[in-house]
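Hello,

Here is the structure I promised to pass on to you. Please open it first, and then read my notes below alongside it.

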Amino acid sequence: MKAKRDILVIDDEAVVVEGVARICGFQGLSVDTADNGAAGLEQLDRYAYRLVLCDVMMQTLDGFQYLAEAARRSSRTPVIMITGYATVENAVHSLLCGAIDFIAKPFTVDELLAVVQRGLNYGRLVEEEAPAAGAPSPRTNGPTPHYRLGPVSWAAIEPAGTALIGVSDVFVRTIDGVQRVDLSSAGSELVQGNSCAAISSTNALVHSVMCPLSGRVLDANARVIAHPDILASGPYADGWLYRILPSDLKYNLRWLQAGEASPGRGDFR
Amino acid sequence: MIRRNIGFKLTLAVSVTALLTISIFAYVNIQSHSRSLLVEVERHASQISQTVTSSTEYDMLLNEPARIHETIKRLGGQPSIERIRIMNKTGQVIYSSDAKEIGKMVDKSAESCVRCHFIDPPLKSLGMKERTRVFQRPSEHSRTLGIITPIYNQASCWTAACHAHPQAQTILGVFDVVLPLAEVDKELWRGQMEIVIFAISAVLLLSVIIGIVVRRWVDLPVKELLAATQHVASGDLSYTIDEQREDELGMLARSFNHMTNKLSEARMQIFQSDKLAALGRLAAGVAHEINNPLTGVLTYSSLMLKQTADRPELHADLEVVVRETLRCRGIVKSLLDFARQSVPKKSAADVNEIIQRALSVVERQLALNQVVLERRLDPDLPLTTIDANQIEQVLINLLVNAADAIGPHGGTIMVSSAVLSLSPVGVTQIKQACCPKRHNLIDDTVRTDGKPSVRLKARCGRDEGFVYVDPMYGKGAHRQGVAFEEGKTVQLVCPECSVSLMVEKETCPLCQSGIYAFDIPSGGIVKGCSRAGCGWQQWSEVDASGNKEFVEIRVRDTGCGIPEEALAKIYEPFYSTKGPKGTGLGLAVIWGIVDNHNGMIEVESAVGVGTTFIVRIPVKP
């Protein structure tokens, strides 16, 4: 039985590793660091971590290679990617490779704490719903047919060519109580992989929702703004965020996972 | 080198042709001249022969040899006659103007005999041709003509008193008259010489004239073209040729100039896209490299901000650090966005507030440079749909440029804002266009003022080419991809499906030329004049929407100004006048941002007086 630790930070930039370690340390979390993917994997073999924060661009074993290697070792530790080269492709690619979320450098303390909080909660959900290793992971569900951007957000293509986008139930469950939802107004352009909504939680953290599709906002759901709690009760029904006119659907869909046909509980990732 | 010269070759070809033609003409002429002279001489000789025959016939009948002798001697003594003789059937010379010959036998193979004696039995009668012979004696220079006249045995001969000839004899003898052809040959020689001299002079004259003409009309223009191609090959695409001439070479010159012009534009675009690609790589590198240290600054400063909630004096300062670091993050992000030409994130914002924010960033630096800042902000600006971060960046860049232009010795910067209403003509961009069969007409590769043009195919007679319509409605900076003759009717068609775009029964209200039309999927039809040079356009739907509201921001400085030759280049990436201090990206980024907002940027500048940048952003996108 491996010794339990809270967080492993993998980044070749010392100031970033130290900063993250220090902030998490203030929160009473135990933090280990590694300066490349290979060293990170060694740490992963030694301890049982609750969460891994991993840089995308590193000299020895980059973030994507780390994700593949961790998956090969059947690691159930959730991974959140960090990168200084915040392209949309990097963000959505990370989620396709198994990361649960993404944070772009540079970030503030609150942004980091929000994503760490979600990561820890996600790990707890995995443990609660599938305590034995190898058993199925906790599941998400959503409207059919729909596409998912990792465990973060979903998009459903409507017959008229428009798309509904929303936040996944898992994402909402990793937030400690939705207090407020801030949405962009109709007419604004959303870009896949960029933040499209800010959800404030009761513990005063602000959580960015990564947008699953690029397009122009036709309608922002006023009911969600007025009653943030419907996000938790029906994230795939009344709790949708936007109705958009997709601008580059074909390209965007390459980065999304198709949701399963039957309604109910889908894979976490 | 001279052998490869096209003028030399042309002249040579014409001269050789002329030489051949004139030579053939001269040959035929000389032959005909010589023949007719000979015929004349033959006739003359025949006459003499007849005269001698007639003169001696009677004496023969009377058998008066002395009188015959005398007659022949006298006739033969004339200067135009060399010799007259009479031979009997056996070939013996009976009478001759040359007394030494008399009594001698003539060889039957001799000149005068072979005519009849080349066969056996000999010919009894002869035509004119057979009677005449022209020959040259080895000892003499000129030719000689001989004519023989057979003496036939007639009734009067055998019935004559002398009974010299029996009745059975057919031919009694032969008159042989020999004339010298020296005069004739001389005449012929002179004639030939004249013709040869004429031919040579004609060929020479022709060669000279052709040479001059070819040099003037072919050689020089071709040489000029050659020089121009060498200039172009060496990279000088601004080199042009004189295109005054009206002939094919003039057209070639015009085509050449047109081609270099197009090449120059293409090179500029490649250059520009290369620069943009380099900018993209640079931006990506900068983003990666800068974001790491920025993470240190932002995490620690935001951490300190949290820890100093109870110390207001520190807290306020840290707030500035965090806010400005976040702005840095925005700048790096927008640099990446610019490199990727991404859409700005727009929301309704107060432009005056953004101006104030931008000014507060640079205020301190301006104060250090003793720059006086004037604000003339219109308090009634409408909320404008913009990306506030990007517009703030535009303003900060413009303000920093203004401060740099003023230098350390002080000056004034005036920032003003105003709302103005502009006619849609010249400010509305045609962003989508299609033919009646819904083919896209927008061409990304050929840009007008940086914006994708509307590409149409133009047909004029058998010529075809593209026309690039200025995407700014009504601005009229169209470009012809091909030069058509002035005044010819041009048909415009869809480049994809060749469906005609011409509107029947309608003409341009300005110049009465034909008009074209294409659809705008988002609303309406754009009509325009098909004649190059006429910029008339009509887009009723936009005209009907009335004037468009713009927020105008002016940044005026009393700095050094921008020289006129630099004005065209200031928006190019990496163009900088600040030396190692500048990256040359500032105005390129500004241009990209303003363009992404469908706005306009203009500059007014006078060296030594100052510069004003005018940015206009539509209130509604």
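Please keep in mind that this is a predicted model. I'll begin with a pair of helices in chain B. Helix α10 (residues 388-406) of chain B packs with helix α13 (residues 586-596) of chain B at an angle of about 145 degrees, and their axes are 10 Å apart. The crossing of α10(B) past α13(B) is left-handed. On the side of α10(B), the contact is made by B:Gln390, B:Gln393, B:Val394, B:Asn397, B:Leu398 and B:Asn401. From α13(B) come B:Gly586, B:Val589, B:Ile590, B:Ile593 and B:Val594. Sorted by character, the residues of this contact between α10(B) and α13(B) are six nonpolar, five polar and no charged.

Now for the two chains as wholes. Chain A has nine helices and 17 strands, while chain B comes to 13 helices and 21 strands. Of the 269 residues in chain A, 50% count as buried; in chain B, with its 621 residues, buried residues make up 26%. I also looked at contacts with a separation of 6 or more. In chain A, 65% of these join residues 24 or more positions apart, and in chain B the share is 61%.

Where the chains meet, 19 residues from chain A and 23 residues from chain B take part in the contact. Two helices of chain A, α1 (14-26) and α5 (109-129), each supply at least two residues to the side that touches chain B. Which of the elements gives the most to that side of chain A? It is α1(A), with four residues. The side of chain A that touches chain B divides into 10 nonpolar, five polar and four charged residues.

Helix α5(A) is worth a look in its own right. At 1.5 Å a residue, its 21 residues should span 30 Å, and the end C-alpha atoms of α5(A) are indeed 30 Å apart, so the two agree. Its buried residues include A:Leu112, A:Leu113, A:Val115, A:Val116, A:Arg118 and A:Tyr122.

Back in chain B, you can make the same kind of check on helix α2 (residues 65-76). Its 12 residues should span 16 Å at 1.5 Å a residue, which agrees with the 16 Å between its end C-alpha atoms. Buried in α2(B) are B:Ile68, B:Thr71, B:Ile72 and B:Gly76. These residues cover an arc of only 120 degrees around the axis, so they lie on the same side of α2(B). The face turned away from that buried side carries B:Ala66 and B:Arg74, which are exposed. What do the buried residues of α2(B) pack against? Their partners are α1 (6-61), β1 (83-88) and β2 (93-96) of chain B.

Last, a single residue to find on your screen: B:Gly528, in strand β17 (residues 525-529) of chain B. Why does B:Gly528 count as buried? The reason is that B:Gly528 has 27 C-beta neighbours inside 10 Å, and 20 or more are enough for a residue to be called buried. Leaving aside residues up to four places away in sequence, B:Gly528 touches B:Val469, B:Ile515, B:Tyr516, B:Trp536 and B:Gln537. One of these, B:Ile515, is 13 residues from B:Gly528 along the chain, and their C-alpha atoms are separated by 5.4 Å.

Enjoy exploring, and do write back with any questions.

Best wishes

How values were computed
Residues numbered from 1 in each chain as written. Chains lettered and ligands numbered in written order. Predicted model: local features only at pLDDT ≥ 70, side-chain atom pairs only at ≥ 80, totals over all residues. Axes fitted to C-alpha atoms, helices over the stretch in contact; angles between N-to-C directions. Left-handed = near helix turned anticlockwise from the far one by under 90°. Contact = placed C-beta atoms within 7 Å. Nonpolar A, V, L, I, M, F, W, Y, C, P; charged D, E, K, R; others polar. Expected span 1.5 Å × (residues − 1). Buried ≥ 20, exposed ≤ 12 C-beta atoms within 10 Å, placed from the backbone. Arc of directions from axis to C-beta.
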